[in-house]
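Here is a short report on the structure below. It goes through the helices, the contacts and the charged pairs in turn.

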Amino acid sequence: MEQTRIMLQPDEALMIVTALGTLQNRLGQHASWTERKRLPHLKQQMADCSNEEEAAILYSKYERAQRHLDKSIADGKRCNELKERIKQTVGITDERMISEL
């Protein structure tokens, strides 16, 4: 993987860390909703379905939702890893983040 270096002011790095945290939370909210609401709803629809064609469509939707859930979780983990790497490199602590906001 090719690496890229950029120069940032400390406040710019803090802004990026904050944005990554916000994105990570949003991805987590969406993944949680998909896991709690969307997937069980699709499972129930498949169980109630009597038509083979409709069942195949619902199964396709279920698989797509599951892939989206997996991708959201993976993206959230990547956001957290990048956020922590930036914090460590710049020397940002959680106390500093709170006081800067």
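## Helix 1: Gly-21

Gly-21 sits in helix 1. Its relative accessibility is 13%, so Gly-21 counts as buried, the cut-off for buried being under 20%. Gly-21 and Arg-85 are 64 residues apart along the chain, and 13 Å separates their C-alpha atoms. The model is predicted, and the values in this report are to be read in that light.

## Helix 1: Thr-34, Lys-37 and Pro-40

Thr-34 is another residue of helix 1. Thr-34 counts as buried, because its relative accessibility is 3%. Residues up to four places away in sequence set aside, Thr-34 touches Leu-39, Pro-40, Ala-65 and Leu-69. Of these partners, Ala-65 and Leu-69 are among the buried residues of helix 2.

Pro-40 also belongs to helix 1. With 38% relative accessibility, Pro-40 counts as partly exposed. Beyond its neighbours within four places in sequence, Pro-40 is in contact with Thr-34 and Glu-35. Pro-40 and Tyr-62 lie 22 residues apart in sequence, and their C-alpha atoms are 9.2 Å apart in space. Tyr-62 is one of the buried residues of helix 2. Lys-37 is placed in helix 1 too. Lys-37 has a relative accessible area of 45% and is therefore partly exposed. From Lys-37 to Asp-48 there are 11 residues along the chain, with 17 Å between the C-alpha atoms.

## Before helix 1: a nonpolar patch

Ile-6 is found in the segment ahead of helix 1, which covers residues 10-48. Ile-6 has a relative accessible area of 60%, so it is exposed; the cut-off for exposed is over 50%. A nonpolar surface patch is formed by Ile-6, Leu-8 and Ile-16. Together, these residues have about 250 Å² of accessible area.

## Helix 2: span, ends and buried residues

Helix 2 takes in residues 52-90, a total of 39 residues. How far apart should its ends be? At 1.5 Å a residue, the expected span is 57 Å. The end C-alpha atoms are 57 Å apart, so the two values agree.

Both ends have a local feature to look at. At the start of helix 2, a side-chain oxygen of Asn-51 comes within 3.0 Å of the backbone nitrogen of Glu-53. Just after helix 2, Gly-91 has a positive phi of about 85°. Which residues of helix 2 are buried? They are Leu-58, Tyr-62, Ala-65, Leu-69, Ser-72, Gly-76, Cys-79, Lys-83, Ile-86 and Lys-87. The list includes two lysines, Lys-83 and Lys-87.

## Salt bridges in helix 2

How many salt bridges are there? The count comes to three. One joins Asp-75 and Lys-71, with 2.8 Å from N to O. Asp-75 and Lys-71 are four residues apart in helix 2, which means a separation of about one helical turn. Lys-71 is exposed, because its relative accessible area is 51%.

Another salt bridge links Arg-78 to Asp-75, where the closest N and O atoms are 3.9 Å apart. Arg-78 and Asp-75 are three residues apart in helix 2, so about one helical turn separates them. Arg-78 has 59% relative accessibility and therefore counts as exposed.

## Glu-84, Lys-87 and the network

Glu-84 forms a salt bridge with Lys-87. Their closest N and O atoms are 3.6 Å apart. Is Lys-87 buried or exposed? Lys-87 is buried, because its relative accessible area is 8%. Its partner Glu-84 has a relative accessible area of 36%, so Glu-84 is partly exposed. Both residues are in helix 2, three residues apart, or about one turn of the helix. Which residues are joined into one network? Salt bridges with shared partners connect Lys-71, Asp-75 and Arg-78.

How values were computed. Residues numbered from 1 in each chain as written. Predicted model: local features only at pLDDT ≥ 70, side-chain atom pairs only at ≥ 80, totals over all residues. Heavy atoms only, no water. Expected span 1.5 Å × (residues − 1). Buried < 20%, exposed > 50% of the residue type's maximum accessible area, 1.4 Å probe, protein only. Polar contact = N/O pair within 3.5 Å; in protein donor to acceptor, adjacent residues only side chain to side chain. Patch = residues over 30% accessible without salt bridge, like charges linked within 9 Å, V, L, I, M, F, W, Y side chains within 5 Å. Areas by Shrake-Rupley, 256 points an atom, 1.4 Å probe, with all protein chains shown as cover. Salt bridge = Lys/Arg side-chain N within 4 Å of Asp/Glu carboxyl O. Contact = heavy atoms within 4.5 Å.
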